[in-house]
Every structure is written in C-alpha cells, then in structure tokens.
Amino acid sequence: YRHGESSEVVVPTPNGDIVFGEGHPLVVVAGPCSVENEEMIVETARRVKAAGAQFLRGGAYKPRTSPYAFQGHGESALGLLAKAREATGLGIITELMDAADLELVGEVADMIQIGARNMHNFSLLKKVGAQDKPVLLKRGMSATIEEWLMAAEYILAAGNPNVIFCERGIRTFDNQYARNTLDLSVIPVLRSLTHLPIMIDPSHGTGRSEYVPSMAMAAIAAGTDSLMIEVHPNPKKALSDGPQSLTPERFDRLMQELSVIGKAT
Ligand code: PEP
Ligand code: MN
C-alpha cells in the first residue's frame with residue numbers, strides 16, 4: 001500500500017464517471033441510514049441530488065447492535081435503490097454484510113460498502129476483492145490504522161484496486177455527548193501511508209446531527225476527498241440513526257456552506 005503518487009478511483013454512474021482522489025472535486029455521498037420505503041428513498045435521492053450530491057447511500061442490510069432492532073428490508077430495499085438510481089442518475093452505495101448477497105447487491109450498487117463491523121471479516125474482504133465494483137471500506141470501530149490498511153490490502157491482493165477508506169469514528173472512553181470520536185487525524189496519516197482516496201463520515205463519527213456540519217467542514221480543511229452524510233426526510237421518524245441524520249433542508253444549506261470553503265462543486 002505504500003506508493004509515491006495518489007491514485008484515483010473512478011466510479012461509473014448513470015450521471016457519468018465520478019472521480020475520487022486528491023486534486024479532484026469533493027465527492028458527496030448522502031442519504032438515509034436505511035432504505036425504509038419507495039417514497040422516502042426516491043424523495044431523499046431527489047433532494048440530495050438537487051443539493052449537489054453525487055451518490056445516494058442507503059442500507060438494505062443493516063448491522064444493528066440488537067437482533068430485535070430493524071434489520072433493513074433486504075432484497076426489496078435493493079429494488080427501491082434501483083428505482084432511486086433510475087429516477088436521479090445518482091450512483092448507489094449500499095452495505096454488503098453477507099457474501100451470499102454479493103450478486104444481488106452488485107446488481108444495484110455502484111460501490112459496495114463494507115461496514116465497520118465487517119472490516120475484520122477477511123473472507124468477505126476477499127470476496128469483494130474478487131469482483132469488479134469499487135469498495136468503500138469503513139474503519140472498524142476499534143481498528144488501528146495498520147489493521148485498516150491491511151484490510152484494504154486483502155481487497156487489493158484479491159485483484160480489486162478500487163478501494164476508498166472511510167473514517168466513521170472510533171470508540172473511546174467518552175460517548176456521553178458524541179457517539180464516537182471522529183478521528184480526522186487519519187486524513188494526513190493515510191495520505192502519508194497510502195495512495196487510496198479518503199472519505200469522512202461525520203454522521204456516524206459524532207452521532208448527533210447538530211455536530212455534523214462543523215465536522216464536515218473540518219474534514220474538508222484537513223483535505224478529505226469525499227464525505228458521507230446521513231440525510232432523512234423526517235429524522236425523528238427514522239427507523240435507524242435518526243439523531244445523526246440531517247433534514248434535506250439542512251443538508252442543502254451544508255452543501256452551500258461547503259462550496260464557500262472550497263472543494264465542493
Ligand atoms: C452505516 O453506514 O449506516 C453504518 C452502519 O456504518 P458503520 O458500519 O460505520 O457503523
Ligand atoms: Mn447509519
């Protein structure tokens with residue numbers, strides 16, 4: 001993974017090729033934690049596209065702490081993501097939890113997300129390494145940088161060069177006021193260690209919607225290539241991660257604020 005020049009990850013979407021990497025415009029991924037129904041996902045897709053996002057995120061398979069919590073609508077949610085993609089041309093990013101779902105997820109996803117809880121799932125990493133879709137590799141909640149780099153190495157070694165690192169906050173001693181500690185120091189650290197693009201997820205990183213905009217701006221100041229922001233049409237009613245989700249209005253305002261400080265298109 002040590003490399004002299006930074007590399008690009010080019011992701012074809014219906015709206016054209018989106019390029020992640022140093023020196024390219026900021027790429028923004030936005031959408032709800034979970035795909036809940038057709039109306040909310042298509043509506044959210046339209047709103048985040050209008051605000052300037054390039055990708056829609058939304059979980060069909062959700063890695064919930066409790067087995068009694070909403071687990072995602074699974075295969076039917078993948079169909080709804082396909083509808084949102086068709087309606088807006090946005091690229092789709094959705095999480096793969098089980099290698100058995102790879103084919104179905106690969107049919108709709110323009111980029112496959114490996115969640116924090118699966119960063120150490122080496123057999124899953126090998127499977128996504130052996131297919132063609134780009135992979136968004138979230139940092140495990142207690143993963144060291146070295147473990148994270150090596151997880152990416154599993155994907156690269158299996159033949160897939162298109163990996164993006166996503167920092168989503170690490171677990172620390174104090175989660176009273178924020179869900180995790182968003183480790184923005186990974187931006188310069190990863191830059192010095194790897195050529196691959198970087199994404200920052202201040203939504204999971206803080207767990208509170210009111211802290212998301214300032215951390216998004218801080219991530220840009222530190223040189224991130226891309227951002228992932230959870231957006232829900234009605235956060236209070238969200239089936240997962242409502243407290244950290246921006247409304248479409250707040251997201252739109254954030255995108256305007258980001259364009260003022262720089263890289264956003
Ligand atoms: C998510 O993106 O909704 C998610 C579950 O993220 P993480 O794996 O970072 O917790
Ligand atoms: Mn979430």
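A residue counts here as buried if 20 or more other C-beta atoms lie within 10 Å of its own C-beta atom. The structure is a predicted model, and strand β8 is a convenient place to enter it.

Strand β8 covers residues 163-167, and 5 of its 5 residues are buried, so the strand is largely enclosed by the rest of the structure. In a regular strand the side chains alternate between the two faces of the sheet. In β8, V163, F165 and E167 point one way, while I164 and C166 point the other way, and all are buried.

Strand β8 has pairing partners in β7 and β9. With strand β7 (residues 135-138) the pairing is parallel and runs over 4 bridges; within it, K138 has C166 of β8 as its bridge partner. Helix α5 (residues 145-157) joins with β7 and β8 in a right-handed β-α-β unit. Strand β9 (residues 198-200) is also parallel to β8, and 3 bridges connect the two. Here E167 is the residue that stands opposite I200 of β9. Between these two strands the chain passes through helix α6 (residues 186-193), and this β-α-β crossover is right-handed as well.

Helix α5 contains I145. This residue counts as partly exposed because it has 16 C-beta neighbours inside 10 Å, and 20 would be needed for it to count as buried. Beyond its neighbours within four places in sequence, I145 is in contact with V186 and V189. The span of residues 186-193 given for helix α6 takes in both of those positions. E36 is 109 residues from I145 along the chain, and the C-alpha atoms of the two are separated by 34 Å.

Two residues of β8 reappear in the nonpolar interior. The largest nonpolar core has 74 residues, and those that touch the most other members are I114, L136, L137, I164, F165, L227 and I229. Apart from residues up to four places away in sequence, L227 touches L26, V28, V29, M199, I200, A216 and A219.

The last of these contacts, A219, belongs to helix α8 (residues 212-221). A219 is buried because 26 other C-beta atoms lie within 10 Å. Sequence neighbours within four places aside, A219 is in contact with L184, I187, I200, P202, T224 and L227. I200, the β9 residue opposite E167, is thus among the contacts of A219 and is also touched by L227. The C-alpha atoms of A219 and F251 are separated by 16 Å, with their positions 32 residues apart along the chain.

Ligand 1 is surrounded by C33, G59, P63, G115, A116, R117, K138, R168 and H204. By class this shell holds 3 nonpolar, 3 polar and 3 charged residues. K138, one of the surrounding residues, is the bridge partner of C166 in β8.

Two further features complete the tour. Most residues other than glycine have a negative phi. D241, which is not a glycine, has a positive phi of about 55 degrees. Its place is the loop between β10 (226-230) and α9 (248-261), and D241 counts as buried because it has 20 C-beta neighbours inside 10 Å. Elsewhere, strands β1 (residues 9-13) and β2 (residues 16-20) pair in the antiparallel sense over 5 bridges. V10 stands opposite V19 of β2, and the two strands form a hairpin with 2 residues between them.

Note on methods
Residues are numbered from 1 along each chain as its sequence is written. Chains are lettered from A and ligands numbered from 1 in the order in which they are written. This is a predicted model: local features need pLDDT of at least 70, side-chain atom pairs count only at pLDDT 80 or more; totals for chains, interfaces and linings use all residues. A residue is buried if 20 or more other C-beta atoms lie within 10 Å of its own, exposed if 12 or fewer, and partly exposed in between; C-beta atoms are placed from the backbone. Two strands pair if DSSP finds at least two bridges between them. A crossover is right-handed if, with the strands pointing away from the viewer, the path from the first strand over the helix to the second runs clockwise. A residue is near a molecule or strand if its C-beta atom, placed from the backbone, lies within 6 Å of it. Ala, Val, Leu, Ile, Met, Phe, Trp, Tyr, Cys and Pro count as nonpolar, Asp, Glu, Lys and Arg as charged, and the others, Gly among them, as polar. Two residues are in contact if their C-beta atoms, placed from the backbone, lie within 7 Å. A nonpolar core is a set of buried Ala, Val, Leu, Ile, Met, Phe, Trp, Tyr and Cys residues joined through C-beta atoms within 7 Å.
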